[in-house]
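Here is a short note for a colleague meeting this structure for the first time. Please read the points with the model open beside you.

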Amino acid sequence: MPKMLKDPAFLHIYAQRDWHDDVYIVGNKEGLETLCRVIKAALARGTADSDKMSDGVFVGDGEGYGIKAIRYRSNDDWPRLAVPYVDEVARENRWDALQPWDLLKDGEQQNG
């Protein structure tokens, strides 16, 4: 790996396989600090996008990605949100489930 001016922000987020499974977040200092900044921005503004903050993160194989954080205030709509499980037995199968990217389409209107 070539020498960079600052250490790359590595961050791996491992989803829940199924119900009651833990989520694992593994990162170096820079990756975890980036995650913190994005979460703090979402708490303050409703949504945050690491790409717009010039804060990308990387997987260990060198592929970069962005972090989108959404402060969702509607307690009544939580059952409508798609479940985050990745195992086939628990994966979302409702055709009308509200996906996280749908929340960003409405932006501040949903989160304000």
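How much space lies in the largest pocket? The points below begin there.

1. **The largest pocket.** This is a predicted model. Its largest pocket holds about 1,000 Å³ of space. The lining counts 32 residues, and those closest to the centre of the pocket are Lys68, Ala69, Ile70, Pro84 and Pro100. Four elements give two or more residues each to this lining: β1, α1, β6 and α2 (100-106).

2. **Character of the lining.** Nonpolar residues number 26 in the lining of the largest pocket. Polar residues number 3, and charged residues also number 3.

3. **Overall layout.** The chain contains 3 helices and 6 strands. Read from the N terminus, the order of elements is β-β-α-β-β-β-β-α-α. The chain has 112 residues, and 29% of them are buried. Take the contacts between residues at least 6 apart in sequence: 43% of these join residues at least 24 apart.

4. **Length of α1.** Helix α1 covers residues 29-45, which makes 17 residues. At 1.5 Å a residue, α1 should span 24 Å. The C-alpha atoms at its ends are 24 Å apart, so the model agrees with the expected span.

5. **Two sides of α1.** Which residues of α1 are buried? They are Gly31, Thr34, Leu35, Val38, Ala41 and Ala42. These residues lie on the same side of α1, because they cover an arc of only 125 degrees around the axis. The general rule for an α-helix is 3.6 residues a turn, so residues three or four places apart point the same way. Lys29, Lys40, Leu43 and Ala44 are exposed on the other side of α1.

6. **What α1 packs against.** The buried residues of α1 pack against five strands. These are β1 (11-14), β2 (24-27), β3 (47-49), β4 (57-58) and β6 (68-70). β1 and β6 also appear among the elements that give two or more residues to the lining of the largest pocket, as does α1 itself.

7. **The end of α1.** Gly46 comes just after α1. Its phi is positive, at about 105 degrees.

8. **His20.** Where is His20 found? His20 sits in the loop between β1 and β2. Its phi is near 65 degrees, a positive value in a residue other than glycine. Most residues other than glycine have a negative phi. Is His20 buried or exposed? His20 is exposed, with a relative accessible area of 79%; the cut-off for exposed is over 50%.

Definitions and conventions: Residues numbered from 1 in each chain as written. Predicted model: local features only at pLDDT ≥ 70, side-chain atom pairs only at ≥ 80, totals over all residues. Heavy atoms only, no water. Expected span 1.5 Å × (residues − 1). Buried < 20%, exposed > 50% of the residue type's maximum accessible area, 1.4 Å probe, protein only. Arc of directions from axis to C-beta. Contact = heavy atoms within 4.5 Å. 1 Å grid on protein atoms, 1.4 Å probe; cavity = no way out; pocket = protein on both sides within 12 Å on 5 of 7 lines; lining within 4 Å. Points joined across faces, edges and corners; volume = space filled by probe spheres on them. Nonpolar A, V, L, I, M, F, W, Y, C, P; charged D, E, K, R; others polar.
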